[in-house]
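User: I'm new to this one and would like to learn how to read it. Could you walk me through it, feature by feature?

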Amino acid sequence: MTGADVLAAIEIRDRTGTGCVAENGFCPDWIADNIDKYWSPLLEHVFLSVTSVAIGFAIAFTLALLAHRFRWITGPTIAVTGALYTVPSVAAFLLLLPITGRGNGTAIVALVAYTLLILFRNITTGLRNVPEEAVSAARGMGLTDGQILRQIELPLAMPEILAGLRIAFTTTVGLATLAFFAGGGGLGEQLYSERAGTGGLNFKSNVVVAGGLTVLLASFGDLIFLTIQRLATPWRRAVAS
Amino acid sequence: MAAGGGVVSAIVAQAGGTPGLGCKPAPDDLGTFRDAVDFIFSQRESVSGGACIGGFEELGDLAVSHMSVSIVALLGALVIALPIGLALGHIGRGEFLAVSVSNVGRAVPALALLAFFVAFVGLGFVNIAIVLGLLAIPPILTNTYVGVRQADPDTVAAARGVGLTEGQIVRKIELPLALPIIFAGIRLSAVAVVATATIAPLGNVQSLGNPILEPQNYGGAGQLGAAIVVALITLATDAALGGVQRAVTPRPLRAPLWRPRIRRTPLAVPPRTEIS
């Protein structure tokens, strides 16, 4: 393409784009021109989701290991994380604002709170469903409690733990669309607000791109955890095939 | 709370307000949370001026609208998801459908779904009820399916043996046995719907989200006050349906809902010191 051709192409695109935008249609040209406005919200969204799930996993994993050793911890933990899970996300973001201020931090605190129930439940279920015979055999072979946990129980609980991570990640991606209430940015801001400069809620092309990106992000994360799940549990595939 | 409210009105009365409006300007010397609580219990002049906002009455109206759209959505979801779940569970097929519906449902954020509807389908009560209903379907469908599949096969076989028709088996055996799990799904859906109805104002339906989405009128106190009310209503919905769920659970099955089922009995292996 020569320089003149490129210029002509841009002009045509601009003209058709404007007409389409004015009619509020679905405008591939507008999307092609404006797609770079979505990259940084997308990155923010990824950052919010990944950080929250990572912190949530660290907390839930610690709690689950404690609950594995001291059974009485399970009930209270489920009750508290369950109550946190029930509070609507919009309300949670707003309730946190006066305490933690606007910004990423507030959004992450709320998102972490939502991952706890899912992750804790899945990790404890996974540990509890490890066949008793496997643990007994390991103990008979002289493994210490720590070795049993690391070499027997955690690997066997891996499918449930990763299933929990899948659910937690997709849920968090969805909830992070509301993080803009806490000033956390993300794709929700593009989707909802006209201030983001992409037309907001009433502009079809914007809704398709911003909404589509969140769905894609959730599905992509799901796929990654599914792949890890398959790689981490080779014995399952052996049984299946 | 009542005593605090009295002090608040005294302060407001001193400050005075726009004549003829019927409410006082927002108090400006309360802490953030006390200001929000004051917004819930007493009217005040809006931030932009010229209108009365807040107070029990307005929030009550908003709550009624909030709950009506939620209930319509939930009933719609029940009418669709329950028969499909029962049928699929009964014939034992469609596990893929039941599972993927819930996976897809999770991957589509509520705000994105609402935005699609607002941009492509339209605004209004019916559209918003459909959006909320779509969010409510996956948990009900999946739980109904799982609940029916978990009904004791011996019981079902016995029912068939004494001559019940397939329809009777579904209605009289499988549905009652699956009821606790179905209600767990309804509870999840109801909480999600009530929580999500907060963003219904984006589709032109009044809800408790109005003060949250219009800070230019309601101010920070309105946002926070409405957030508190939304949180309380959601927790109340959860608790109420939790009670129903427990009520429909046959007594012998109740305990495991509260105490985790302990599969592993204590090991009958002597301490390791004795082995070595």
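Analyst: We'll start with the chains and then move on to a few details. Keep in mind that this is a predicted model.

User: Okay, where do I begin? How many helices and strands does chain A have?

Analyst: A handy start is to list the elements in order. Chain A comes to 11 helices and zero strands, so to read its pattern you just go α-α-α-α-α-α-α-α-α-α-α. Of its 241 residues, 44% are buried.

User: And what is the order of elements in chain B?

Analyst: Chain B has 12 helices and two strands. From the N terminus on, they run α-α-β-β-α-α-α-α-α-α-α-α-α-α. Buried residues make up 42% of its 276 residues. You can also look at how far apart in sequence the contacting residues are: among contacts in chain B with a separation of 6 or more, 71% are between residues 24 or more positions apart.

User: How many residues of each chain are in contact with the other chain?

Analyst: To read an interface, count the residues on each side, then see which elements they come from. Here 35 residues of chain A are in contact with 34 residues of chain B. On the chain A side, the elements giving two or more residues are α4, α5, α7, α8, α9 and α10. The largest share, eight residues, comes from α10(A). By class, that side of chain A has 16 nonpolar, 14 polar and five charged residues.

User: Let's zoom in on one helix. Why does the length of α5(A) agree with what we'd expect?

Analyst: You compare the expected span with the distance between the helix ends. At 1.5 Å a residue, the 12 residues of α5(A) should span 16 Å, and its end C-alpha atoms are 15 Å apart, so the two agree. Right after α5(A) comes A:G101, with a positive phi near 80 degrees.

User: Is α5(A) mostly covered or mostly open, and what do its buried residues pack against?

Analyst: It's mostly covered, with nine of its 12 residues buried. Among them are A:S89, A:F93 and A:L97. The buried residues of α5(A) pack against α6 and α8 of chain A, together with α8, α9 and α10 of chain B.

User: Which residues touch the most other members of the largest nonpolar core?

Analyst: For a core, look for its best-connected members. This one has 128 residues, and those touching the most other members are A:F93, A:L94, B:L114, B:L132, B:A136, B:V193 and B:A227. Helix α8 of chain B gives the most to this core, with 15 residues. Take B:L114: leaving out residues up to four places away in sequence, it touches B:V131, B:I199, B:L202 and B:G203.

User: What about a loop residue? Why does A:T198 count as buried?

Analyst: The trick is to count neighbours, with 20 or more as the cut-off for buried. A:T198 has 22 C-beta neighbours inside 10 Å, so it counts as buried. A:T198 is found in the loop between α9 and α10 of chain A. Beyond residues up to four places away in sequence, A:T198 touches A:N34, A:K37, A:Q190 and A:N206.

User: Last one: how do I read two packed helices?

Analyst: You describe them by the angle between their axes and the distance between the axes. In chain B, α3 and α6 pack at an angle of about 30 degrees, with their axes 6 Å apart. The crossing of α3(B) past α6(B) is right-handed. By class, their contact has 22 nonpolar, seven polar and one charged residues.

Technical notes:
Residues are numbered from 1 along each chain as its sequence is written. Chains are lettered from A and ligands numbered from 1 in the order in which they are written. This is a predicted model: local features need pLDDT of at least 70, side-chain atom pairs count only at pLDDT 80 or more; totals for chains, interfaces and linings use all residues. Two residues are in contact if their C-beta atoms, placed from the backbone, lie within 7 Å. Helices (H or I, at least four residues) and strands (E, at least two) are DSSP runs, numbered from the N terminus. Ala, Val, Leu, Ile, Met, Phe, Trp, Tyr, Cys and Pro count as nonpolar, Asp, Glu, Lys and Arg as charged, and the others, Gly among them, as polar. A nonpolar core is a set of buried Ala, Val, Leu, Ile, Met, Phe, Trp, Tyr and Cys residues joined through C-beta atoms within 7 Å. The expected span of a helix is 1.5 Å times one less than its number of residues. Axes are lines fitted to C-alpha atoms, for helices over the stretch in contact, and angles run from 0 to 180 degrees between N-to-C directions. A crossing is left-handed if the near helix is turned anticlockwise from the far one by less than a right angle, and right-handed if clockwise.
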